[in-house]
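Open your viewer and get the sequence panel ready. We will move from one selection to the next.

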Amino acid sequence: MKTLKPKEIESIRKASELLLKSKNAVVLTGAGISTESGIPDFRGESGIWEKYKPEIYGSIQSFLRDPSKFWKMAEDIAPTLFSAEPNPGHYAIASLEKMNIIKAIITQNIDELHQKAGSIIVYEVHGNINRFSCLGCRASYNKEQVLRKVKKEKSPACNYCGAPLKPSVVLFGEQLPNFEKYMAIDLAKKSDVMLIAGSSLTVAPICDLPLYSLREGGKLIIINDEPTDLDERAEIVINHKTGIILPLIVEEIEKIKAEQESITYD
Ligand code: APR
């Protein structure tokens, strides 16, 4: 495991103090927080878009032209996606919510691992892979029904109207779910600290959320194992694994709180 440099230890302390002092901290996560659960991200070194071109496998236009391409990619990724368990990074974020240090989690991820780790207030701005609906009559199907269909049909079709079924995830060229999008913008505007974990911050409109926080005087904490375009505007940047750093931030916050309590009792 990559050892921590003195600067990273200092940044963990600073991030912990910032979060402890915050009144309206929110978290924004991306695919990078789930790689330690075995789910590949999109643009990291072995990202999904390296193997599957997004314009062919990940856009609504290509899905409507030929859904079988999307389902071919889905079949390859589904076993990992559906068997994944939360990692220490997800549990650390759930702890920060239980400690009432963060008010909500805005996630670009569709894997439901935040909820599995115990997080409650989660806004899934790119949808959720466990829900499916018919593009024709909007009938809804669950994961088990679709997994059974995929075994027999190259592109699962609706039992009622025969139109293609699609998972409730946002493909390129599709609008984000309105409520989640506007809720995320409102949370970003009101946030005095935004903790960003495991996102390349390259896909609009979610990559602009940190700008809403900055515009209102908010401070950014970015934990990502690669640089992002917003690093120079962040208060703190830690280029390390979220599954290592986030639990250390929780530990540091608990240490600071214990120190504060011991001072008040003396
Ligand atoms: N710890 C920290 N950072 C990590 C880790 C890790 N364990 N694993 C990967 N990363 C970093 C990668 O280096 C990369 O910079 O996380 C980032 C993930 O970026 P993307 O793969 O672009 O994922 P994301 O930002 O969530 O993409 C946004 O793009 O394709 C669409 O809809 C898809 O929701 C996705 C959106």
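**Backbone stops and a ligand**

Start with E112, which you will find in the loop between β2 (102-107) and α7 (113-116); helices (H or I, at least four residues) and strands (E, at least two) are DSSP runs, numbered from the N terminus. E112 has a positive phi of about 65°, although it is not a glycine. Before going further, note that this is a predicted model, where local features need pLDDT of at least 70, side-chain atom pairs count only at pLDDT 80 or more, and totals for chains, interfaces and linings use all residues. Residues are numbered from 1 along each chain as its sequence is written, and side-chain values use heavy atoms, with hydrogens and water left out.

Next, select A204 and P205: a cis peptide bond joins them, with omega about 0°. P205 sits in the loop between β7 (193-197) and α10 (209-215). Why pause at these two stops? Because most residues other than glycine have a negative phi, and most peptide bonds are trans.

Now show the ligand and the 22 residues that surround it (a heavy atom within 4 Å). The closest are F42, R43, S199, S200 and D225. Domain 1 (1-39 + 86-126 + 175-266) and domain 2 (40-83 + 129-169) both give residues to this shell, so the ligand lies between them; the domain bounds come from an automatic or database assignment.

Zoom in on the polar contacts (pairs of N or O atoms within 3.5 Å):

- T35: a side-chain N or O atom is 2.8 Å from a nitrogen atom of the ligand.
- G32: a backbone N or O atom lies 3.3 Å from a ligand nitrogen.
- E226: a side-chain N or O atom is 3.2 Å from a ligand oxygen.

Taken alone, the ligand exposes 730 Å², and the protein buries 96% of that (Shrake-Rupley method, 1.4 Å probe).

What classes of residue make up the shell around the ligand? Five are nonpolar, 11 polar and six charged, where Ala, Val, Leu, Ile, Met, Phe, Trp, Tyr, Cys and Pro count as nonpolar, Asp, Glu, Lys and Arg as charged, and the others, Gly among them, as polar.

Methods:
Polar contact = N/O pair within 3.5 Å; in protein donor to acceptor, adjacent residues only side chain to side chain.
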